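Q: I would like a close look at a single part of this model, described with its cut-offs.

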Amino acid sequence: MSAAPSVRTGAVVPVLASAGITVALMQTLVIPLVPELPRLLNASAAGTAWAITATLLAAAVATPIMGRLGDMYGKRRMLLISVGLLVAGSVVAALSSSLVPMIAGRALQGLAAGVIPLGISIMRDELPSEKLGTATAQMSASLGVGGALGLPAAALLAENFNWHTLFWLSAGLGVIVFALILRFVPESSVRSGGRFDLLGGIGLSVGLISLLLAISQGASWGWTGGRTLGLFALAVIALLAWGWWETRTDEPLVDLRTTARPQVLLTNLASMVFGFAMFAMSLVLPQLLQMPKATGFGLGQSMLASGLVMGPSGLIMLITAPFSAKISKARGPKVTLMLGAVVVAAGYGVGSVLMGSVWELVLVSLLIGAGIGLAYGAMPALIMAAVPVSETAAANSFNTLMRSIGTSVSSAVAGVILANLTISLGGYTLPSQTGFRTVLLIGAGAALAALAIAAFIPRNRQLDSTYTPAAEPATPERLANPA
């Protein structure tokens, strides 16, 4: 009996990282199908775009709510529910042949987005302090790893098998991860208890859905159109009302007083800007690779070849994660975050000049991937150093949400730029090289903005004066697990 806990503890990190990669795969799973979805589902292109939008909106709502429920009722329990929703959504999408069930399945997949912050929080509760830094860095990097590896895998399956195979595969991976979590991941005894803030959950959901819907659909609806402006107005009103409520209720969904601490606030702002910078790579490099050679700058590669070029960036994120933990241990996670921002900015700077061959874009993706691996490993370390143990999952979920908002804004901004800086080729309108270069330079600027924000994050000695473990309840679990 005594050997079981050590075996389970040793397996916690790979199991949770596998769960994170599996969930991240869902973000890129459908990308190879996007041009074919109108034909496959007998629907309009505007309608099938909701297969992407539904996942985005569901993930935005689920991430903070699952984090709070994990703190209250058990992180492992919410982790299993999240993976279960992923499996259910994959099965629904695999059985679909029309638009509505496809959108429903993709929305259920989006509800699993809380897996990564929940996994990081479980690691904080279960792992010894000397292993925590590397483990959380690997878990955080799994978001990028899954996204990068998902594109070539999905392209390969889409080109050689029936498109439903993509979703059956994701369902199978989900079942395997579910079984591994049941077997190897213990339930944490660190819980906050209390009552769920239902009104806060509704208010935040309305605000986030309105904001992200306006951002994702603004280009097609018109940025000055009534629906777009109305949704932006509703988002502002709902989020302000939500903030007012959260500061007055006894058991808030998100403790805004904790979130307002300089360490947490500035880390979240840097994460949002960094999320903006990260996504520019995913938008520009695949298009450059697949653009016809007749444009004079396109490389004429297939979707599979494009995915294989992007794949190494995911591997470099995973390789970089232990170095991120070592730098954070030696110099502090603030320095690691700043270093990651510098590397990402350098990658985009190189990309704005080197975009004429496949090997140049591989180099660019590797540089940006290394910077993302460094920065993503530092973010949860900064957050967990500044919040009570009982709020770990909620705080990490909110940080993940900030990154998601950044990527959504990046997608909208890049879409506007590429739609306005175009060339004509064979009767078709295509993004121009100037448009791609502009997006890359904006990505570099966003990374430098994240660097500037991170520079103001308080050092540890300043943090110690604003947060002390003594401020938390002196429970037996807390005394036994002070990490």
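Which helices do the buried residues of α11 pack against?

A: The model is a predicted one, in which local features need pLDDT of at least 70 and side-chain atom pairs count only at pLDDT 80 or more, while totals for chains, interfaces and linings use all residues. Residues are numbered from 1 along each chain as its sequence is written, and side-chain values use heavy atoms, with hydrogens and water left out.

The buried residues of α11 pack against α10 (198–221), α12 (256–259) and α17 (392–420), where contact means heavy atoms within 4.5 Å. Helices here are DSSP runs of H or I with at least four residues, numbered from the N terminus. Helix α11 itself spans residues 226–246, and its 21 residues reach 30 Å from the first C-alpha to the last, close to the 30 Å expected at 1.5 Å a residue, the expected span being 1.5 Å times one less than the number of residues.

The residues of α11 that count as buried (under 20% relative accessible area with a 1.4 Å probe, protein chains only) are Thr228, Leu231, Ala235, Ala238, Trp242, Gly243 and Glu246. Because they cover an arc of only 135° around the axis, they lie on the same side of α11, the arc being that of the directions from the helix axis to the C-beta atoms. On the other side of α11, by contrast, Gly226, Ile237, Leu240 and Trp244 are exposed, a term that stands for over 50% relative accessible area.

Technical notes. Helix = DSSP H or I, 4+ residues; strand = E, 2+ residues; numbered from the N terminus.
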